[in-house]
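Here are some notes to go with the model, written as numbered points. Have it open beside you as you read.

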Amino acid sequence: MKFNPKNKTSNVVLSISAFVIVSLILWNTNSFFKKFKEEERQKMEIWATAHSELLQASLEDDPGDLPLKVFQNNTSTPMILVNKDGSIKTNNMPAEVALDTTYIKQKILKFSSENTPISIDQQGEHLAILYYGNSEVLNKLKYYPIALLLIILLFGAVIFFFFKTNKASEQNKLWAGMAKETAHQIGTPLSSLLGWNELLKTENINPDITREIEKDISRLETITDRFSKIGSLPKLDRYDIVRETKDAFEYLKLRSSKLIHFSFDSKIDAQEVMLNQSLYNWTIENLVKNGIDAMRGRGSIGIQITKDSSHVNILVSDTGHGIAKSDYKAIFNPGVTSKKRGWGLGLSLVKRIVEEYHQGKIKVLSSSKEGTIMQISLKANI
């Protein structure tokens, strides 16, 4: 894949722009929080002054409406007033908590950490200490940046997954288009091969040669059919899973190294399953070839077919180097491969054929240094 420097530059610019915007929002929110906190401080200092004036006023003097208005307007900031005689008064707090000394002490500590207490003095005489906490609005504003960050992260995640899904969809269309074009291109020389083989039959040539050529031509037709089906919903028909598996396995056996031991064992004689014959055979071939590659061309590979109450299980085993447990799921992702050559699409296609087209399941049943067992499970027809 070619590297596009324009895409990288755009991503960097977008990332920096997003960071700057978020930083400005957080800075502005923090500035607003500090300003609001300063205004609350001024309100509390006015309240403390009004309280001091009220305490110093004699019973005969009229304190006026101003102190009362100051007291009446402050209905949101929780306060604890500790008088010089040790008596405690609360404001904008539940009445029942005023008698709970433990609760009051805890609140005094909390209010002290939030705001510096205000000492109420009159003509050098200490009258009381006012402890106050943040108002409900200020507390909500304090958590606003966190909520904003979470919203931005959520929005970013939605955009990321949207583009990721969109990109994956485009890649799927590209692979499907390439596969169909490959099938189309193979068709032309394949037709020529059919003609040449018919011509060879008229010559004095060993019939075994033309029969083998016919098998390989048939094989190419099968491959062409497989590629043409990628990207389309394949048609499923009833097939005997035992026969189809064995035929695909035997074909590979005849064309593989004599250093590989092939074994086939079915616990059932026959079982019909809804299959696309061409794609299922492709699946078996992919799994067998992967096993052969894992054994580096030497070892044993086998297929066993079993059945439970509703499913047929096809187990493909090899004596290769094994798969790390952490990679059991990753090996089915596109592009994941341990081979020096290859695109890592084999097992990804196998998973798609089994799970999306045949509504079955495929997984790594077990794996160790002694080998790997892959299991395909397909619903059995009753």
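1. Let's start with a charged pair: the side chains of E272 and R238 form a salt bridge, with 3.1 Å from N to O. Because E272 belongs to strand β7 (residues 272-275) and R238 to strand β5 (residues 237-240), this pair ties together parts that are 34 residues apart in sequence. Keep in mind that you are looking at a predicted model.

2. How covered are the two partners? E272 has a relative accessible area of 38%, so it is partly exposed. R238 is partly exposed too, with a relative accessible area of 48%; the cut-off for exposed is over 50%.

3. How many salt bridges are there by this rule? The count comes to seven. Another one of them joins the side chains of R255 and E212, at 3.9 Å from N to O. That pair links distant parts of the chain, with R255 in the loop between α7 and β6, E212 in helix α6 (residues 207-229), and their positions 43 residues apart in sequence. The cut-off for a salt bridge is 4 Å, so have a look at the 3.9 Å of this pair with that in mind. R255 comes out at 37% relative accessibility and counts as partly exposed, and E212 is partly exposed at 38%.

4. For a salt bridge inside one helix, go to K351 and E355, whose side chains meet at 3.0 Å, N to O. They are four residues apart in helix α9 (residues 346-357), so about one helical turn separates them. K351 is partly exposed, with a relative accessible area of 29%, and E355 is also partly exposed, at 22%.

5. K351 has a second thing going on. What does its charged end sit over? The answer is the ring of F332, with 5.5 Å to the ring centre. So when you click on K351, check for both partners, because its side chain also meets E355 in the salt bridge.

6. On to the rings. By the rule used here there are two aromatic pairs. In one of them, the ring centres of F249 and F262 are 5.3 Å apart and the planes are at 65 degrees, so this pair is edge-to-face. F249 lies in helix α7 (residues 241-254) and F262 in strand β6 (residues 260-266), which means the pair ties together parts that are 13 residues apart in sequence. Both F249 and F262 are buried.

7. The other pair is F249 with F264: centres 6.1 Å apart and planes at 40 degrees, so it is tilted. This one also links distant parts of the chain, F249 in helix α7 and F264 in strand β6, 15 residues apart. F249 counts as buried because its relative accessibility is 1%, whereas F264 is partly exposed with a relative accessible area of 24%. Put the two pairs together and you get a cluster of F249, F262 and F264, linked by ring pairs.

8. Is T283 buried or exposed? It is buried, with a relative accessible area of 1%. T283 is found in helix α8 (residues 277-294). Leaving out residues up to four places away in sequence, T283 touches V350, I353, V354 and I376.

9. Over at the surface, V12, I16, F19, V20 and L24 make a nonpolar patch of about 480 Å². V12, one of these residues, is found in helix α1 (residues 5-56). At 40% relative accessibility, V12 counts as partly exposed.

10. Last, a couple of backbone spots to check. Most residues other than glycine have a negative phi. N92 has a positive one, near 60 degrees; you'll find N92 in the loop between β2 (88-91) and α3 (101-114). N92 is partly exposed, with a relative accessible area of 29%. R296 also has a positive phi, near 55 degrees, and is placed in the loop between α8 and β8 (299-307). R296 counts as exposed because its relative accessibility is 69%.

How values were computed: Residues numbered from 1 in each chain as written. Predicted model: local features only at pLDDT ≥ 70, side-chain atom pairs only at ≥ 80, totals over all residues. Heavy atoms only, no water. Helix = DSSP H or I, 4+ residues; strand = E, 2+ residues; numbered from the N terminus. Buried < 20%, exposed > 50% of the residue type's maximum accessible area, 1.4 Å probe, protein only. Contact = heavy atoms within 4.5 Å. Phe/Tyr/Trp six-rings, centres within 6.5 Å; stacked < 30°, edge-to-face > 60°. Lys NZ or Arg CZ within 6 Å of the ring centre and 35° of its normal. Patch = residues over 30% accessible without salt bridge, like charges linked within 9 Å, V, L, I, M, F, W, Y side chains within 5 Å. Areas by Shrake-Rupley, 256 points an atom, 1.4 Å probe, with all protein chains shown as cover.
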